[in-house]
Amino acid sequence: MDDHTWTVRLYTLNLAVLITHEIDSAYWEEWALFGIPGGIQVFNLLNLLVVLVFLEGFRRLVRRERRGYQFSLLLVAAGLFAVVAHSYFLALGRPEFRLPVSLALIVLTFVLSVAQGVVTVRALRPAN
């Protein structure tokens, strides 16, 4: 499998995990954890925007547009931000996201984001 195919597959998996994490975040009332005003209403609107942005990135990636690879790196950054932020809150002893599946989603986000970042950078390198 070439780097483009790996990038597409990892993007798909990482986005699916991110969306599932955001569903889990609604259970944990993440808007309160991050101090987002407007409660679930604003939280849902923000998530709609995030999903639309990354679906557009996926469309462009599948078409092999350079911008698609940039979206891939943006998804990697978003995933790593989520991991760092939640690790910080877990280290503080916050009770949210301590269920096994919640923790597994955070770990999966880290693994997939690192792998996706590596193959995306490789896919962006000029062919020798």
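Q: Helices (H or I, at least four residues) and strands (E, at least two) are DSSP runs, numbered from the N terminus. What phi does Glu 29 take just after α1?

A: Glu 29 has a positive phi, about 55°. This is a predicted model, in which local features need pLDDT of at least 70 and side-chain atom pairs count only at pLDDT 80 or more, while totals for chains, interfaces and linings use all residues. Residues are numbered from 1 along each chain as its sequence is written, and side-chain values use heavy atoms, without hydrogens or water.

Q: How do you know what span to expect for α1?

A: The expected span is 1.5 Å times one less than the number of residues. Helix α1, residues 3–27, has 25 residues. Its C-alpha reach, first to last, is 36 Å, close to the 36 Å expected.

Q: What is the reach of α4, and which residue with positive phi follows α4?

A: Helix α4 (residues 66–91) has 26 residues and reaches 38 Å, close to the 38 Å expected. Gly 93 follows, with phi near 90°.

Q: Why are α1 and α3 called roughly antiparallel?

A: Axes are lines fitted to C-alpha atoms, for helices over the stretch in contact, and angles run from 0 to 180 degrees between N-to-C directions. Under 35 degrees is roughly parallel, over 145 roughly antiparallel, 65 to 115 roughly perpendicular, and the rest oblique. The two axes come within 11 Å and cross at roughly 175°. Therefore α1 is roughly antiparallel to α3.

Q: Which residues make the contact of α1 with α3?

A: Contact means heavy atoms within 4.5 Å. Among them are Tyr 11, Leu 18 and Glu 22 of α1, and Phe 43, Asn 47 and Val 50 of α3.

Q: What makes a space a cavity or a pocket?

A: The search uses a 1 Å grid over the protein atoms alone. In a cavity, a 1.4 Å probe fits but cannot get out. A pocket is an open set with protein on both sides within 12 Å along at least five of seven lines. Lining residues have an atom within 4 Å of a point.

Q: What is the volume of the largest pocket, and which element gives the most to its lining?

A: Its volume is about 470 Å³. Of its 21 lining residues, the closest to the centre are Leu 18, Glu 22, Asn 47, Val 50 and Phe 81. Helix α3 (39–62) gives the most, with seven residues.

Q: Which residues line the largest cavity?

A: They are Leu 18, His 21, Ala 82, Val 83, His 86, Ile 106 and Thr 109. This cavity holds about 40 Å³ of space. Helix α4 gives the most to its lining, with three residues.

Notes:
Points joined across faces, edges and corners; volume = space filled by probe spheres on them.
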